[in-house]
Amino acid sequence: MKAFADLYAALDATNKTNEKIEALVAYFRSAPPEDAAWAIHFLIGRRPKRLIESRKIWRWAIEEAGIPDWLFGECYEAVGDVAETIALLLPAPGSSSGKPLHYWVEQRLLALRALDEAEQRDSLVWAWREMDDAQRFVWNKLITGEFRVGVSQNLVTRALGEASGVDPAVIAHRLMGDWQPGADFVRQFLSPDTSDADISRPYPFCLAHPLDGNAGDLGPIAEWQVEWKWDGIRSQAIRRQGRTFLWSRGEELITDRFPEIEAAITRLGDGTVIDGETLPWKDGAPQPFAQLQRRIGRKKLGPKILSDVPVALLAFDLLEFEGIDVREQPLEWRRARLEEVIARVASPALTLSPKVEAPSWAELAKIREEARTRGVEGFMLKRYGSPYRVGRRRGDWWKWKIDPYSVDAVLIYAQRGSGRRASLYTDYTFGIWDDGKLVPFAKAYSGLSDEEIRQVDFFVRHNTVDRFGPVRVVKPELVFELAFEGIQLSGRHKSGIAVRFPRMARWRTDKKPEDADTLETVKALLPKA
């Protein structure tokens with residue numbers, strides 16, 4: 001546990017990639033396999049389900065620290081992180097635990113689910129007393145389900161490759177899918193023998209960079225395959241050894257959520273893996289993403305929802321063909337085989353994503369203007385001759401998205417951030433005008449520079465007019481342009497509108513609150529039925 005806490009501190013103390021990799025490599029080279037397994041599990045973002053309610057953890061920490069509730073609340077408001085607040089308030093530790101990470105996870109953390117409330121309290125308090133400050137902090141992160149540290153899965157993959165000598169691409173493949181932490185897994189995971197892939201395991205997804213310049217700068221359009229950029233769930237369809245799997249990019253097995261796609265995949269030949277997008281699909285056209293959410297939110301899929309919201313997998317790449325990994329084959333080769341595979345299946349639930357043809361970039365730009373009416377997000381540009389790479393690499397795949405929607409809105413509520421932003425007001429709620437009143441419209445957390453965040457924080461502290469819980473109500477004076485990708489009606493929001501991926505595009509210091517948009521103006525952005 002001490003080594004893992006030291007690793008967490010080292011990763012949290014730097015934003016330099018090489019220093020993070022150096023710390024990870026040192027840890028993986030020295031950690032026993034049973035500890036390394038859990039470290040990998042947590043570092044790539046997998047967390048056990050929270051086993052104790054936060055309010056109970058707070059209460060037990062208050063009792064152990066011997067402080068009043070109000071003082072804990074004031075400290076939490078200043079720190080902004082529950083795990084850190086508890087670690088700072090507990091009595092000074094008398095020792096540092098020498099027990100390994102896997103003991104704390106397997107014997108103490110996961111064991112909490114079988115204990116009654118009194119036993120949970122005793123177990124938690126005993127753990128706090130046995131750990132030093134750094135260990136307590138990481139432990140608190142784990143038990144509250146809030147463990148996060150500034151490393152990506154790609155960074156962990158690179159470090160594991162360097163520590164073990166195994167190709168990082170193989171490491172990335174082995175990290176995908178469903179696996180359980182343990183010493184045996186780590187030994188197999190770091191084995192140079194690459195023939196052990198689980199039949200259900202998907203490949204790491206190839207990701208695209210946003211096009212940040214002119215498409216014409218990419219060279220002749222004839223060198224590029226152009227497709228629509230669909231708005232759905234990125235998915236991999238797998239057919240191996242007579243079994244069928246559908247994985248999301250978030251490494252979630254979603255086969256049973258889409259039975260019509262599952263039925264289509266079963267018609268693929270063994271040893272086939274297809275990359276595509278799961279979409280609500282009706283009469284040969286995509287439907288709003290909100291329709292897909294109706295399917296996702298149901299525990300049981302009855303005949304009515306299956307009829308109301310049909311889906312399809314729009315296939316755009318072939319990763320495995322006749323049991324052979326074909327990712328290194330050029331794009332045009334993979335596309336030709338994919339067309340043959342989809343034609344043989346002949347199912348409306350497994351459809352080939354069409355190419356978009358244009359004689360020039362200028363003509364393609366004109367077609368791009370149709371994207372919103374077609375229910376798509378723009379174009380995917382893929383260089384002919386390119387392999388299917390791991391992760392986000394520049395040069396071969398670009399997403400040329402349409403400009404987002406934008407609305408001018410007024411800052412009405414603010415809340416402290418978390419982690420490094422715990423002492424600043426960085427989480428904002430914005431309102432738009434409706435019948436002379438500002439109604440909450442969207443929340444946004446990103447888009448401002450550090451200097452702008454400090455300025456807004458100063459404004460919030462000096463212009464608070466009310467509070468409820470951790471939220472401050474501020475004078476409605478600051479106007480921001482919000483950008484977002486989608487918009488729909490919603491009965492769960494006060495404005496009656498819900499938007500997708502809102503962020504702050506810019507601070508409109510040139511506008512007054514009365515210049516902000518109205519609900520009527522925003523509703524005009526809704527897709528026409």
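How many of the 6 residues of strand 19 (residues 479–484) are buried? In this predicted model, 6 of the 6 residues of strand 19 are buried, so the strand is largely enclosed by the rest of the structure. The enclosure concerns both faces of strand 19. On one side, Val 479, Glu 481 and Ala 483 are buried, and on the other side Phe 480, Leu 482 and Phe 484 are buried as well.

The pairing of strand 19 was examined next. Strand 14 (residues 405–416) runs antiparallel to strand 19, and the two are joined by 6 bridges. Within this pairing, Phe 484 of strand 19 has Tyr 405 opposite to it. Strand 19 is also joined to strand 22 (residues 503–507), through 4 bridges and again in the antiparallel sense. Here Leu 482 stands opposite Met 504 of strand 22. Leu 482 and Phe 484, which take part in these opposed pairs, both belong to the face of strand 19 that also carries Phe 480.

With respect to the chain as a whole, 20 helices and 22 strands are present. The radius of gyration is 26 Å, close to the 24 Å that the globule rule gives for 529 residues, and the chain is therefore as compact as a globular protein of that length. Along the principal axes, the C-alpha atoms fill a box of roughly 70 × 65 × 50 Å. Of the 529 residues in the chain, 50% are buried. When contacts between residues at least 6 apart in sequence are considered, 70% join residues at least 24 apart. The chain exposes about 25,400 Å², of which carbon and sulfur atoms supply 50%. Its charged side chains comprise 76 positive and 77 negative ones, and the centres of the two sets lie 2 Å apart.

A further group of strands forms an open sheet. This sheet contains 4 strands in the order 2-13-11-3, and its pairing is mixed. Strand 2 (209–210) and strand 3 (224–228) stand at the edges with a single partner strand each, so one side of each is left without a neighbour in the sheet. The pairing of strand 2 with strand 13 (residues 397–401) is parallel and extends over 2 bridges. In this pairing, Lys 399 of strand 13 is the bridge partner of Pro 210.

Pro 440 is located in strand 16. Beyond its neighbours within four places in sequence, Pro 440 is in contact with Ile 412, Tyr 413, Thr 429, Phe 430, Gly 431, Lys 494 and Ser 495. For one of these residues, Ile 412, the C-alpha atom is separated from that of Pro 440 by 7.8 Å, the two residues being 28 apart along the chain.

Backbone geometry was also considered in two loops. Glu 322 lies in the loop between strand 8 (311–321) and strand 9 (324–325), and its phi is near 55°, a positive value in a residue other than glycine. Because its relative accessibility is 59%, Glu 322 counts as exposed, the cut-off for that class being over 50%. Asp 435 lies in the loop between strand 15 (425–434) and strand 16 (437–444). Although Asp 435 is not a glycine, its phi is positive, at about 55°. With a relative accessibility of 77%, Asp 435 likewise counts as exposed.

Note on methods: Residues numbered from 1 in each chain as written. Predicted model: local features only at pLDDT ≥ 70, side-chain atom pairs only at ≥ 80, totals over all residues. Heavy atoms only, no water. Buried < 20%, exposed > 50% of the residue type's maximum accessible area, 1.4 Å probe, protein only. Pairing = 2+ DSSP bridges. Rg over C-alpha atoms; globule rule 2.2 N^0.38 Å. Contact = heavy atoms within 4.5 Å. Areas by Shrake-Rupley, 256 points an atom, 1.4 Å probe, with all protein chains shown as cover. Lys, Arg positive; Asp, Glu negative; His and termini not counted. Charge placed at Lys NZ, Arg CZ, Asp CG, Glu CD.
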